[in-house]
Protein chains: 2
Amino acid sequence: MPAPIEFWFDFSSPYGYLASTRIDALGARQGREVVWRPFLLGAAFKVTGQKPLTEQPLRGPYALHDFVRSARLLGVPFKMPEPFPFFALGASRGFYWLEGHDTGQARAFARAVYAAAFGEGRDVTKPAALVELARPLGIAADALAAGSFTPETKERLRQETDQAIARGIFGSPFFIVDGEPFWGHDRLEHIERWLKTGGW
Amino acid sequence: MPAPIEFWFDFSSPYGYLASTRIDALGARQGREVVWRPFLLGAAFKVTGQKPLTEQPLRGPYALHDFVRSARLLGVPFKMPEPFPFFALGASRGFYWLEGHDTGQARAFARAVYAAAFGEGRDVTKPAALVELARPLGIAADALAAGSFTPETKERLRQETDQAIARGIFGSPFFIVDGEPFWGHDRLEHIERWLKTGGW
């Protein structure tokens, strides 16, 4: 079995959302599993000295324009959530708790969170909002709420975030393919070419 | 006549170099003139709070890897210059002085500077190095050296840099196409599509 594509992202990342709408199809075309790995981008920002794009002079207005334009090109709905930027702690913990039980359900939950946040502009920071997104997926609301707050779940997210930084991951989305790092949703064409040709 | 593609760049920008090897062919394919516009990216960094990618933790090592990998994909030579980052004042002034006399010669000079800096890793900060690059292009060495230091030339570069920032240009390369801004050499495919389809 070839190694899976690692898809690292923060739930509060607009470009992560855009990539999430395409990465599984890319993996399927190239015969690669895709492993979804949410992490807390803010922890990486502390290392790099960056802050959210939208809070930066000049870069912010461009980014807001480019998010919408890129989504339009991909044909996916896009609406900036309020509040933004937001701290995706609950969604990330919920993902890892779910993943401990059912990888498919964890991914369905991740898609639902991204679709709500950036497809509909909804607030996905509150536990009640996450439970509402989980219910139609057959996820027991109480279990998700409780599971997200266990010490094991909290520790898991911390470890994944630490691992991301230790491996040089500083942005969202970020991909690792056969050891090769690719940053940005605009590198998906490169990733697909890399997989097709075995690198260049 | 349709509006030209504006190609904004800093001579010390590796991704600007990569874009410079492709933008004229793109313009030719789409029936658009390309106007080359060097500016001092450091002035934009003062506004955005950024610094050169290579000086940033995590982002620096990735960038160095991606420069080389992207150049290999494009089939163009690549070597990081010493020193790096460098202050491209002389090359930028030389360009604008030349442009006042001969646009084609200015562009040939820009290509020569980029090829020396990032194709061969040479130092292009010193007047002697610039004169050496200009000579084979039929540019009178004394005239270039003198012209680069006139108050008009200095003022021209200042104005272009101010104009860039006033128009929201914060990175290199940066393109404006029919009023639409595109940042990054990895947006060239988007630019070509935009021109082909009239936007999306």
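This is a tour of a predicted model with two chains, A and B, going from one whole chain to the contact between the copies and then to single residues.

**Chain A as a whole**

Start by displaying chain A alone. The chain has ten helices and four strands. Followed along the sequence, these come in the order β-α-α-β-α-α-α-α-α-α-α-β-β-α.

Turn the chain along its principal axes: the C-alpha atoms occupy a box of roughly 50 × 45 × 35 Å. The radius of gyration is 16 Å, which agrees with the value near 16 Å for a compact globule of 200 residues. Colour by burial next, and 40% of the 200 residues of chain A count as buried. If contacts are drawn between residues at least 6 apart in sequence, 70% of them join residues at least 24 apart.

**Helices α5 and α9 of chain A**

Select residues 89–99 and 151–166 of chain A, which are helix α5 and helix α9. Two packed helices are described by the angle between their axes and the distance between the axes. Here the angle is about 110° and the axes are 9 Å apart. Angles of 65 to 115 degrees count as roughly perpendicular, and α5(A) and α9(A) are therefore placed in that class.

Now show the side chains where the two helices meet. From α5(A), pick S92(A), R93(A), Y96(A) and W97(A); from α9(A), pick T153(A), K154(A), R156(A) and L157(A). By type, this contact is made up of three nonpolar, two polar and three charged residues.

**The contact between the chains**

Bring chain B back into view. How many residues does each chain put into the contact? Chain A gives 18 residues and chain B gives 18 residues. On the side of chain A that touches chain B, the elements with two or more residues are α3 (41–48), α4 (59–74) and β4 (180–183). Select α4(A) among these: it gives the most, with five residues. Colour that side of chain A by residue type to see eleven nonpolar, four polar and three charged residues.

Next, superpose chain A on chain B. The operation is a rotation of 180° with 0.0 Å of shift along its axis, and the RMSD is 0.0 Å. The two copies are thus related as by a two-fold rotation axis. To find this axis from chain A, select D186(A), whose C-alpha is the nearest to the axis in that chain, at 3.4 Å. The copies meet through the same surface, because 100% of the interface residues of chain A are also interface residues in chain B.

**The loop between α3 and α4 of chain A**

Select P57(A), in the loop between α3 and α4 of chain A. What does P57(A) contact beyond its neighbours within four places in sequence? Its partners are V47(B) and T48(B). P57(A) counts as partly exposed, with 15 C-beta neighbours inside 10 Å.

Move to L58(A), which also lies in the loop between α3 and α4 of chain A. Is L58(A) buried or exposed? It has 20 C-beta neighbours inside 10 Å and so counts as buried. Check its backbone as well: L58(A) is not a glycine, yet its phi is positive, at about 65°. Most residues other than glycine have a negative phi, and most peptide bonds are trans.

**Around β3**

A second positive phi is found at D178(A), with a value near 50° in a residue other than glycine. D178(A) sits in the loop between β3 and β4 of chain A. With 13 C-beta neighbours inside 10 Å, D178(A) is classed as partly exposed.

Then select S172(A) and P173(A): the peptide bond from one to the other is cis, with omega near 0°. P173(A) is part of the loop between α9 and β3 (174–177) of chain A. In chain B, a cis peptide bond joins S172(B) and P173(B), with omega about 0°. The loop that holds P173(B) runs between α9 (151–166) and β3 (174–177) of chain B.

**Last stop: E120(B)**

Finish at E120(B), in the loop between α6 (103–119) and α7 (127–134) of chain B. E120(B) is exposed, with 12 other C-beta atoms within 10 Å. Leaving out residues up to four places away in sequence, E120(B) touches K79(B) and A115(B). For a distance across the chain, draw a line to W8(B): the C-alpha atoms of E120(B) and W8(B) are 22 Å apart, and the residues are 112 apart in sequence.

Definitions and conventions: Residues numbered from 1 in each chain as written. Chains lettered and ligands numbered in written order. Predicted model: local features only at pLDDT ≥ 70, side-chain atom pairs only at ≥ 80, totals over all residues. Contact = placed C-beta atoms within 7 Å. Nonpolar A, V, L, I, M, F, W, Y, C, P; charged D, E, K, R; others polar. Least-squares fit on C-alpha atoms with pLDDT ≥ 70 in both. Rg over C-alpha atoms; globule rule 2.2 N^0.38 Å. Axes fitted to C-alpha atoms, helices over the stretch in contact; angles between N-to-C directions. Parallel < 35°, antiparallel > 145°, perpendicular 65-115°, else oblique.
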